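User: I'd like a close look at one part of this protein, the open sheet and whatever packs against it. Could you walk me through it in one go, and add what the database record says along the way?

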Amino acid sequence: MSEVKAGLGYTEEHEWAEAQGANVVRIGITDFAQSQLGDIVFVELPEVGTSLEANETMGTIESVKTVSDLFSPVSGTVVKVNEALIDAPEKVNEEPYGEGWIVEVEVQGDAADAVAGLISSEKYAEFIASK
């Protein structure tokens, strides 16, 4: 059974989002997603300063099995990328909710409100259980 961390917002595309202060949201992929992908060998990160729209592609993630798009759960501007993934993409497999995070995005308005507008951990757990 895949871990679903409480207190995060989730998407049907298997990204998670967590408020990191007043207006910054940290984004990654879920434990379910990394387990479905298998061994991750490359993560294409957006550049700092890139404008993202909710539900639009922000990069790709490549495993030994496939290449998948990464979607931003929120709209905003990339303020930080996890550069550790360039040399160690396997961190996404090892700690999808920790050191395997992908980007931080500055949102307009309150980060907690942006995350609250996503799927709850309970609903996401039900969603993946049906897969």
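Analyst: Let's start with the sheet itself. In this predicted model, six strands make up an open sheet, ordered E1-E2-E3-E9-E8-E5, and their pairing is antiparallel. Its edges are E1 (9–10) and E5 (51–52), each of which pairs on one side only. As a general point, strands of a sheet pair through backbone hydrogen bonds, either parallel or antiparallel.

Strand E3 (24–29) is a good place to zoom in. On one side, E2 (residues 15–19) pairs with E3 in the antiparallel sense over five bridges, and Ala17 stands opposite Ile27 there. The hairpin of E2 and E3 has four residues between the strands, and one of its features is Gly21, with a positive phi near 105°. E3 also pairs with E9, again antiparallel, over four bridges. In that pairing, Ile27 has Val103 of E9 as its bridge partner.

How many of the six residues of E3 are buried? Six of six, so to speak: the strand is mostly covered. Look at the two faces and you find Val24, Arg26 and Gly28 buried on one side, with Val25, Ile27 and Ile29 buried on the other. Val25 has plenty of company: leaving aside neighbours within four places in sequence, its contacts include Ala17, Val74, Val103, Val105, Ala111, Ala114 and Val115.

That brings us to the core. The largest nonpolar core holds 25 residues, and Val25, Ile29, Val43, Ile61 and Ile102 are those with the most contacts inside it. At least two residues each come from E3, helix H1 (31–37), strand E4 (40–44), E6, E8, E9 (103–106) and helix H4 (111–116). E3 gives the largest share, three residues. Apart from this core there is another one, of eight residues, including Trp16, Trp101, Tyr124 and Ile128. In soluble globular proteins generally, nonpolar side chains tend to be buried together.

At the other end of the sheet, E5 pairs with E8 (residues 76–81) in the antiparallel sense over two bridges. There, Ser51 has Thr77 in E8 as its bridge partner.

Now for the record. An unreviewed UniProt entry lists residues 24–106 as "domain: Lipoyl-binding". In the model, the end C-alpha atoms of that span lie 4 Å apart, and the span is 18% helix and 42% strand. The unreviewed entry also lists Lys65 for "modified residue: N6-lipoyllysine".

Where does Lys65 sit? It's in the loop between strand E6 (57–63) and strand E7 (67–71). Its relative accessibility is 60%, so Lys65 counts as exposed. Even so, beyond residues up to four places away in sequence, Lys65 touches Gln36, Leu37 and Gly38. Its side chain reaches the backbone oxygen of Gln36 at 3.1 Å.

Stepping back to the whole chain, there are five helices and nine strands. The radius of gyration is 13 Å, close to the 14 Å that the globule rule gives for 131 residues, so the protein is as compact as a globular protein of that length. Of those 131 residues, 46% count as buried. Finally, take the contacts with a separation of 6 or more: 63% of them are between residues 24 or more positions apart.

How values were computed
Residues are numbered from 1 along each chain as its sequence is written. This is a predicted model: local features need pLDDT of at least 70, side-chain atom pairs count only at pLDDT 80 or more; totals for chains, interfaces and linings use all residues. Side-chain values use heavy atoms; hydrogens and water are left out. Two strands pair if DSSP finds at least two bridges between them. UniProt positions are given in the numbering used here, feature names are shortened, and annotations may be inferred rather than shown by experiment. Buried means under 20% relative accessible area, exposed over 50%, partly exposed in between (1.4 Å probe, protein chains only). Contact means heavy atoms within 4.5 Å. A polar contact is a pair of N or O atoms within 3.5 Å; within protein, one must be able to donate a hydrogen and the other to accept it, and residues adjacent in sequence count only if both atoms are side-chain atoms. A nonpolar core is a set of buried Ala, Val, Leu, Ile, Met, Phe, Trp, Tyr and Cys residues joined through side-chain atoms within 4.5 Å. The radius of gyration is taken over C-alpha atoms; the globule rule is 2.2 Å times the number of residues to the power 0.38.
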